[in-house]
Amino acid sequence: MKYALIGCGRISPNHIAAAKANQLDIVAICDIVPANMEDKRIKFELPASTKEYTDYMEMLEKEKPELVAIATESGKHAEIALNCIEAGCNIIIEKPIALSLEDADKIIAKGKEKNVKVCACHQNRFNKSIQKIREALEKERFGRLFYGTAHIRWNRGYEYYSRAKWRGTWEQDGGALMNQCIHNIDLLRWMMGDEIVEVCGMTDRLNHDYIDAEDMGIALVKFANGSYGIIEGTTDIFPQNLEETLYIFGKKGTVKAGGHSVNIIEEWNFADYLDNPEEVKKTFCDNPPNVYGYGHTPLYADVMSAIKEDRAPYVDAEAGKRALELVLAIYKSAAEGKSVKFPLENCSTMDFKGRFDK
C-alpha cells in the first residue's frame, strides 16, 4: 500500500515507525522545511525511492498515495485533509481532527462522498490498558456507571513553544486542553457513553504569558446515561510531566489507568472477581519511552484493515469530532461563564481569540 506523510515535525517519528512496522510502501514525505525531511530520512534509513516534497499538492498528484498521514500544525489539518480526500486518499489525521466543528463536519461529509477512510489519530485507544478497560465496559462489568475522571498533569515550557511558533495560538493550535489533553478527553467521553448533555468549564493562563491560549482547564461533564465526568488538564506541573490518569467508577467496578500516558493499570477491582487484579496489572502494562506511547502501530494496522475490508476505522472521523466538540464546549463555557448544552454548533478556537489578553 502506497503511503505518504505530510509534516515531519515532533510527532512524525511515531508515524514513520508505524508505517515501517506495518510494511507500508513509504513513497513520499513532505514538509515545508527540507531539513526536517532529511533528518527523518537519515534516522529511519528511508530508501532513495522515498521522494521528498515541500508542496503536498504536487506530492498527491505525482505519487498518488493510497494512505496519507497528516501531522502538520493543527490549524492546517482540515485544509490538507479535504484536499487529500478530494484526491481519493485514505487519511490518518493527527489530533485534533480540525479546530472548528464546521471543518470537522466537512471532513466527515467529504470522506463519505469520496468513499475513503478517515481516521482520527487518538492512538491511546489502542493501549493494552485501555483495551482491557474497554473490554470490561463492553461486557458491562462496571454495572451502572457513576463517574469518570481524566487528569493530565504535564509540563511544557518556553523551549517547547519557541521551537514552533504555531503552538499555543488560537489560529493554529489552542491550548493545553486541545493539544496535550485531548487524548485523555477522548478516552473519557468514549468510556462514559459518548453522548453528553451539558458541560461546565473553567480555563486560565497561569504560567505561559507568551502563548495565546490556556495552560490549565477544568470541567464537569454530564453524560446522557446519567454518569458524570471530571476533567483536569494542565501544562503547568513542576518540574516535568507527572502523570496522565483515567478513572472509571461504577456500581460494580473501579479502575484506574495511569503512567505517563494511561499505559498501565494501577487499580482493577470488580464485584464479579472474574480475573486476578495483580495479574491484570502485570499483563496489561506498557512502558513507552515518551507520552506518545505505542498506539500508532496498531492504529495504522487497523486503518489498513479498514481499507481492505471496506469498513470504518476503529477511531473514525466522527470520534475525532466528538473529542474536538468537548474541548470547544469547555472553551465556550469558560469564556461565557455558564454551562453549555449539547450538541454544540458553529464553534471554533478562533471564537476565543484575545481571551487572555490583558
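In the predicted model, histidine 151 stands opposite glutamate 232 of strand 10. This pairing belongs to the contact between strand 7 and strand 10, which run parallel and are joined by 7 bridges. On its other side, strand 10 is flanked by strand 9 in the sheet order 13-12-11-7-10-9-8-14. Strand 9, residues 216–223, pairs with strand 10 in the antiparallel sense, again over 7 bridges. Within the strand 9 and strand 10 pairing, glycine 217 is located opposite glycine 233 of strand 10. The two strands form a hairpin with 4 residues between them. In the turn of this hairpin, glycine 226 has a positive phi of about 95 degrees.

The sheet as a whole is open, comprises 8 strands and has mixed pairing. Its edges are strand 13 (264–270) and strand 14 (340–341). Each edge strand has a single partner, so one side of each is left without a neighbour in the sheet.

A nonpolar patch on the surface is formed by Phe146, Tyr147, Leu220, Tyr228 and Ile230, with about 450 Å² of accessible area together. Strand 7 (145–153) and strand 10 (228–234) are the elements that give two or more residues to this patch. Tyrosine 147, one of the patch residues, is placed in strand 7. Tyrosine 147 counts as partly exposed because its relative accessibility is 34%, a value between the limits of 20% for buried and 50% for exposed.

In soluble globular proteins, nonpolar side chains tend to be buried together. The largest nonpolar core of the model has 80 residues. Ile91 and Leu246 are the residues with the most contacts inside this core. Helix 12 (residues 317–336) supplies the largest share, 9 residues. A second, separate core has 27 residues, among them Cys8, Ala71, Ile92 and Phe126. With residues up to four places away in sequence left out, isoleucine 91 touches Leu67, Val68, Ile70, Ala81, Cys84, Ile85, Lys117, Val118 and Cys119.

Valine 262 is located in the loop between strand 12 (253–258) and strand 13. Valine 262 is classed as buried because its relative accessible area is 0%, and the class requires a value under 20%. Beyond its neighbours within four places in sequence, valine 262 is in contact with Asn124, Asn127, Ser129, Ile130, Asn184, Leu187, Glu244, Thr245, Leu246 and Ala257. One of these contacts, Leu246, is also one of the two residues named for the most contacts inside the largest core. For valine 262 and asparagine 127, the C-alpha to C-alpha distance is 7.8 Å, at a separation of 135 residues in sequence.

Side chains of opposite charge can pair when their charged atoms come close. A search of the whole structure finds 31 salt bridges. In one salt bridge, lysine 321 pairs with aspartate 105, and the closest N and O atoms are 2.8 Å apart. This pair links distant parts of the chain, with lysine 321 in helix 12 and aspartate 105 in helix 5 (residues 101–114), 216 residues apart. Lysine 321 is partly exposed, at a relative accessible area of 22%. Aspartate 105 is partly exposed as well, at 36%.

A further salt bridge is formed by the side chains of lysine 112 and glutamate 318, with an N to O distance of 3.5 Å. Lysine 112 belongs to helix 5 and glutamate 318 to helix 12, so this pair ties together parts that are 206 residues apart in sequence. Lysine 112 has a relative accessible area of 60% and is therefore exposed, the limit for that class being over 50%. Glutamate 318, by contrast, counts as partly exposed at 26% relative accessibility.

A salt bridge within a single helix is formed by lysine 281 and glutamate 278, whose closest N and O atoms are 3.3 Å apart. The two residues are separated by about one helical turn, because they are 3 residues apart in helix 10 (residues 277–283). Lysine 281 counts as partly exposed, with 22% relative accessibility. Salt bridges also link Lys132, Glu135, Lys139, Arg141, Asp272 and Asp275 in a network.

Definitions and conventions:
Residues are numbered from 1 along each chain as its sequence is written. This is a predicted model: local features need pLDDT of at least 70, side-chain atom pairs count only at pLDDT 80 or more; totals for chains, interfaces and linings use all residues. Side-chain values use heavy atoms; hydrogens and water are left out. Patches are made of residues with over 30% relative accessible area and no salt bridge: like charges are joined within 9 Å, nonpolar side chains (Val, Leu, Ile, Met, Phe, Trp, Tyr) within 5 Å. Accessible areas come from the Shrake-Rupley method with a 1.4 Å probe; for residues, only the protein chains shown count as cover. A salt bridge is a side-chain nitrogen of Lys or Arg within 4 Å of a carboxyl oxygen of Asp or Glu. Buried means under 20% relative accessible area, exposed over 50%, partly exposed in between (1.4 Å probe, protein chains only). A nonpolar core is a set of buried Ala, Val, Leu, Ile, Met, Phe, Trp, Tyr and Cys residues joined through side-chain atoms within 4.5 Å. Contact means heavy atoms within 4.5 Å. Two strands pair if DSSP finds at least two bridges between them.
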